[in-house]
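Here are a few exercises to work through with the model open in your viewer. Try each one before you read the solution.

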Amino acid sequence: MRPFESKNLFLLHLTTPQILVFERILEPLALPRDFELASIGLPVSHYYFLESGIASMVATSPEGKKAEIGLVGRDGISPPVLTMEAEKFSFDVMMQVGGAGRRVEARALAGFLSDQPAVRQLLARFLHGFFAQVANTALSNAVHKIDVRLAKWILMCHDRIDGEEIALTHEYMATMLGVRRSSVTEALHILEGEHFIYSHRGLVIVRNRTSLEAFAADAYDAPGVSGRSWPDLGQLSLVAVQ
């Protein structure tokens with residue numbers, strides 16, 4: 001029997017022997033909205049495995065303008081990095097939607113991974129999917145209208161929560177999309193007018209997921225973006241068992 005059940009896709013695909021070792025260095029904790037997981041210019045002290053909630057990785061310009069470049073929920077690890085030896089992190093990562101999860105100290109995780117090549121393979125698979133998300137988000141920001149980008153972003157959030165309600169303010173959505181709040185309000189009115197969603201006082205409710213996906217089209221149906229494209233970590237976990 002497994003030591004604990006998890007909704008985190010990465011932890012879910014670890015074998016029981018791997019979990020038995022890993023759980024010794026994992027710390028459960030609540031992750032409220034705006035909780036900082038990593039800060040620009042500082043080394044990463046902990047890595048987080050979200051069971052619920054959504055974390056945003058945000059880029060900041062020299063003038064202080066911000067935009068989200070990627071998000072992670074129960075689909076992986078946050079902050080998503082290629083190396084754990086970097087002295088400084090280049091982005092801010094904070095909880096966009098509050099939740100809970102487990103965290104591990106950076107040095108402890110590095111030590112665990114050095115003894116677990118199969119787990120390093122799982123991590124590499126997730127990171128490949130995440131950076132595909134970042135690349136396709138950059139493309140979408142360049143070629144799609146704000147209402148389509150907003151539809152894509154709502155779908156990405158919806159993939160990572162239970163139920164139809166997402167706690168998001170207009171101001172937060174504007175920051176994440178790198179646009180004015182008025183532009184978000186206009187885009188929300190378009191999506192509401194089509195009966196895809198309902199928006200009220202910091203809450204977005206998905207009413208017609210299928211139609212919302214059709215509206216977002218190729219902005220959402222892209223590697224790393226759609227929940228359907230999340231890495232199939234199960235195949236690698238089977239390899240780890242053998």
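**Exercise 1. The annotated domain**

Over residues 160-208, what percentage of the chain is helix and what percentage is strand, and how far apart are the end C-alpha atoms?

Solution. Bear in mind that this is a predicted model. Start with the record: an unreviewed UniProt entry lists residues 160-208 as "domain: HTH crp-type". Now take the secondary structure of that stretch, which comes to 43% helix and 20% strand. Finally, put a ruler between the C-alpha atoms at the two ends, and you should read 17 Å.

**Exercise 2. Inside helix 6**

Find which residues of helix 6 are buried, and work out what covers them.

Solution. Step one is to go along the helix, residues 170-177. The cut-off to apply for buried is under 20% relative accessible area. Tyr172, Met173, Ala174, Met176 and Leu177 are buried in helix 6. Step two is a general point: an α-helix has 3.6 residues a turn, so residues three or four places apart point the same way. Step three is the cover, which includes strand 3, strand 4, strand 5, helix 5, helix 7 and strand 8 (203-206). To finish, look just past the end of helix 6, where Gly178 has a positive phi of about 70°.

**Exercise 3. The cavities**

How many cavities of 30 Å³ or more are there, and what lines the largest cavity?

Solution. The count is 3 cavities of 30 Å³ or more. The largest cavity holds about 100 Å³ of space. Its lining has 14 residues, and Glu68, Thr137, Lys152, Trp153 and Leu177 are the closest to its centre. Next, sort the lining by element: strand 4 (66-72), helix 4 (117-143), helix 5 (146-159) and helix 6 (170-177) each give two or more residues. Strand 4 gives the most, with 5 residues. Last, sort by chemistry, and you get 7 nonpolar, 4 polar and 3 charged residues in the lining of the largest cavity.

**Exercise 4. Two residues of strand 3**

Compare the surroundings of Ser56 and Ile54: is each one buried or exposed, and what does each touch?

Solution. Begin with Ser56, which sits in strand 3 (residues 46-60). Ser56 has 0% relative accessibility, so Ser56 counts as buried. Leaving aside neighbours within four places in sequence, the contacts of Ser56 are Glu68, Gly70, Leu71, Asp92, Val93, Met94, Gln96 and Met176. Gln96 deserves a second look: the Ser56 side chain makes a polar contact with the Gln96 side chain at 2.3 Å.

Now move to Ile54, also part of strand 3. Ile54 is buried because its relative accessible area is 0%. With residues up to four places away in sequence left out, Ile54 touches Leu71, Val72, Gly73, Met94, Met95, Gln96, Val97, Cys157, Arg160 and Ile161. For a distance check, try Asp75: Ile54 and Asp75 are 21 residues apart along the chain, with 9.7 Å between their C-alpha atoms.

**Exercise 5. Helix 4 and helix 3**

Which residues does Gln133 touch, and how far is Ala110 from Leu71 in space?

Solution. Gln133 belongs to helix 4. A relative accessible area of 2% is why Gln133 is buried. Not counting residues up to four places away in sequence, Gln133 touches Gly70, Leu71, Met156, Arg160, Pro223, Gly224 and Val225. Ala110 is in helix 3 (residues 106-114), and its 26% relative accessibility makes Ala110 partly exposed. From Ala110 to Leu71 the C-alpha distance is 23 Å, with their positions 39 residues apart in sequence.

**Exercise 6. Backbone oddities**

Where is the cis peptide bond from Ser78 to Pro79, and what are the phi values of His195 and Ala217?

Solution. First, the bond from Ser78 to Pro79 is cis, with omega near 0°. Pro79 falls in the loop between strand 4 and strand 5 (92-105). Second, His195 is not a glycine, yet its phi is positive, about 65°. His195 is in the loop between helix 7 (181-193) and strand 7 (197-199), and it is partly exposed, with a relative accessible area of 49%. Third, Ala217 has a positive phi near 50°. Ala217 lies in the loop between helix 8 (209-216) and helix 9 (233-241), where Ala217 counts as partly exposed at 36% relative accessibility.

Key: Residues numbered from 1 in each chain as written. Predicted model: local features only at pLDDT ≥ 70, side-chain atom pairs only at ≥ 80, totals over all residues. Heavy atoms only, no water. UniProt positions renumbered as here; feature names shortened; annotations may be inferred. Helix = DSSP H or I, 4+ residues; strand = E, 2+ residues; numbered from the N terminus. Buried < 20%, exposed > 50% of the residue type's maximum accessible area, 1.4 Å probe, protein only. 1 Å grid on protein atoms, 1.4 Å probe; cavity = no way out; pocket = protein on both sides within 12 Å on 5 of 7 lines; lining within 4 Å. Points joined across faces, edges and corners; volume = space filled by probe spheres on them. Nonpolar A, V, L, I, M, F, W, Y, C, P; charged D, E, K, R; others polar. Polar contact = N/O pair within 3.5 Å; in protein donor to acceptor, adjacent residues only side chain to side chain. Contact = heavy atoms within 4.5 Å.
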